[in-house]
Each structure stands twice: as C-alpha cells, then as structure tokens.
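Q: I would like to learn how to read backbone angles and sheet layout in a model; could you take me through one example?

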Amino acid sequence: MNKLHFLTAGLPLATEGKGYKKGIDLINQMDLDGLEVEFVHGVKMNESNQTLVKQFSQLQDKKITCHGPYYINLNSQEEEKIEASVNRILETARMGEKIGAYSITFHAAFYMKQSIDEVYKTVYKSMEKICSILEAENNNIWVRPETTGKGTQWGTLEEIVQLSKEFKNVLPCVDFAHIHARNNGIYNTYDEFSKMFEYMGKELGDDIFNNFHAHLAGIEYGAKGEKNHLILEESDMNYKDLLKVFKEYNVKGVLVCESPNIEEDTKLLKDYYLSL
Ligand SMILES: [Zn+2]
C-alpha cells in the first residue's frame with residue numbers, strides 16, 4: 001500500500017438504495033478511496049455487483065474490504081453455532097477474494113461469562129481451522145478480528161494482537177471508536193493513541209503500519225460500552241488527534257468510516273488528514 005485510503009462503510013447514503021453502480025460513482029465523484037462491503041446480514045451479492053466491485057477494486061488507489069455477518073460467535077456454547085460462525089467467516093473471505101477485497105473483518109466472539117483464557121483458547125481453535133482452510137484454498141486475504149465495543153464481547157486490542165502473532169494471515173482491525181467506548185471514554189488523546197500505535201508496533205512489527213485496517217466513527221457509550229454510532233462532530237471522538245498519530249506513524253492501509261452520515265464523515269476525515 002502506498003498511502004492511507006478512506007473508505008465508506010457500505011454504499012454512500014446518497015446512493016438511496018439504487019445499487020452498486022450509483023454507489024461506486026458517488027465514491028469516485030467524492031474522491032474517496034473505496035468501500036467496505038457490509039455483509040452484516042449475510043454474505044450475498046449477485047454476479048453483476050460482484051463484477052462491478054471487482055472492477056472498482058482494480059482501479060488505481062481504490063480499495064475494497066469486507067465486514068462479515070453479525071451472527072458470529074466463535075465461543076458459542078453450541079458446537080453447531082461455532083461451525084456456522086466459522087462458515088460465515090469463510091464465506092466472507094471467499095466472497096472477498098472474488099470481489100477484489102484485500103482484507104475482511106468481523107466481531108469474533110462473546111465471553112459468555114467464561115474466563116478470558118478459556119475464551120482465547122476457543123477462539124484460537126476456530127481461527128486455526130479458518131486459516132488452514134483458506135490456505136488450502138490459496139486464499140491470501142487478511143483475516144482481521146475487530147476490536148469490539150462492549151465488555152461482553154471478546155476482542156480487546158491485546159487479545160487481537162496476541163492472536164495476530166499466532167497466524168500468518170491474521171492482523172487486527174482496529175476500531176478506535178470501539179476501544180474508546182469500551183474503556184469508558186479513555187483512549188481519546190494524542191498520547192493515548194500514540195501508546196496504542198507504539199504497542200502494536202512493538203508487538204507486531206512496524207510493518208503493520210504499511211498495511212493497516214481501521215474503523216472510525218463518532219460513538220455514544222455508557223458503562224457497558226458501545227451504544228450506537230454518531231456523526232463525528234456530534235460526538236466526543238477526538239478524530240483530529242488520532243489522524244495526527246496516523247500521520248506521525250505514516251500509516252498506510254485503509255480507514256473505514258462508520259458514522260451514520262457515512263460519506264460526509266469519510267470525506268471530513270480524508271480532508272482533515274490531507275490538511276495535516
Ligand atoms: Zn464491526
């Protein structure tokens with residue numbers, strides 16, 4: 001990757017449900033850099049849309065990523081639900097590969113009131129299976145569990161960094177709004193962001209900043225963490241200092257904006273970043 005790309009989470013709102021052709025045109029017109037395809041309710045896309053997205057992914061300086069279904073819990077207490085979750089991640093990776101995505105992300109698991117160590121081991125087991133199947137299929141897409149926004153969800157930065165050390169194609173998808181919400185408002189200053197980057201560099205090697213997948217949005221939160229996403233300027237999310245740290249670390253990769261006004265905040269982030 002040669003720069004930081006700014007992606008909308010899903011098609012821009014101005015697409016008004018009129019499909020990928022219009023959505024992609026809008027992304028191009030606004031000079032945004034790509035799209036995270038939201039397979040949050042299932043991995044489905046018709047062939048003509050697959051072709052459109054694939055063609056878009058091949059344009060210079062455009063990137064595609066995918067978000068897997070919400071119905072994933074690699075720590076379900078029911079074996080068949082774990083298997084279904086593994087399959088949903090595999091389907092996302094396979095579809096991602098088809099449409100030219102370079103990375104996929106998903107919320108991996110819930111703690112289900114179990115110990116942190118136990119859940120880690122359970123998630124590890126599924127990840128091992130996912131990685132070996134994808135390897136056998138020659139699918140080299142990045143598999144990136146996302147840092148999650150609620151205390152009941154597996155996926156602190158530390159957990160995902162640890163998991164990333166164990167597998168060749170696994171790295172974190174760092175959702176900065178989630179980390180901020182989950183920790184009751186901390187991780188929102190220049191120094192706190194810097195410490196996170198320093199930590200990731202130390203644990204995973206500075207090369208991860210040449211290939212970074214991150215999420216950002218305004219966020220509302222309470223004692224239990226994430227409540228819902230907000231427009232950046234209507235939230236306390238300190239995106240300006242965060243982007244300064246991105247700049248400081250010369251981060252390349254993708255930053256996906258998940259604000260409710262999708263493309264406007266994506267543009268805001270890109271413009272602010274370029275002004276630095
Ligand atoms: Zn997510």
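**Two positive phi angles and one sheet**

A: Y187 is buried, because 20 other C-beta atoms lie within 10 Å (buried is 20 or more other C-beta atoms within 10 Å of the residue's own, exposed 12 or fewer, partly exposed in between, with C-beta atoms placed from the backbone). This is a predicted model, in which local features need pLDDT of at least 70 and side-chain atom pairs count only at pLDDT 80 or more, while totals for chains, interfaces and linings use all residues. Residues are numbered from 1 along each chain as its sequence is written.

Q: What is the phi of Y187, and where is Y187 found?
A: Most residues other than glycine have a negative phi. Y187, although not a glycine, has a positive phi of about 55°, and it is found in the loop between α6 (176-182) and α7 (190-204) (helices, H or I of at least four residues, and strands, E of at least two, are DSSP runs numbered from the N terminus).

Q: Is N250, with its positive phi near 50°, buried or exposed?
A: N250 counts as exposed, because it has 11 C-beta neighbours inside 10 Å; N250 is found in the loop between α8 (239-248) and β12 (253-257).

Q: In what order do the strands of the sheet stand?
A: Strands of a sheet pair through backbone hydrogen bonds, either parallel or antiparallel. Here eight strands form an open sheet with parallel pairing, in the order β6-β4-β3-β2-β1-β12-β9-β8 (two strands pair if DSSP finds at least two bridges between them). β6 (142-145) and β8 (173-175) stand at the edges, each with a single partner strand, so one side of each has no neighbour in the sheet.
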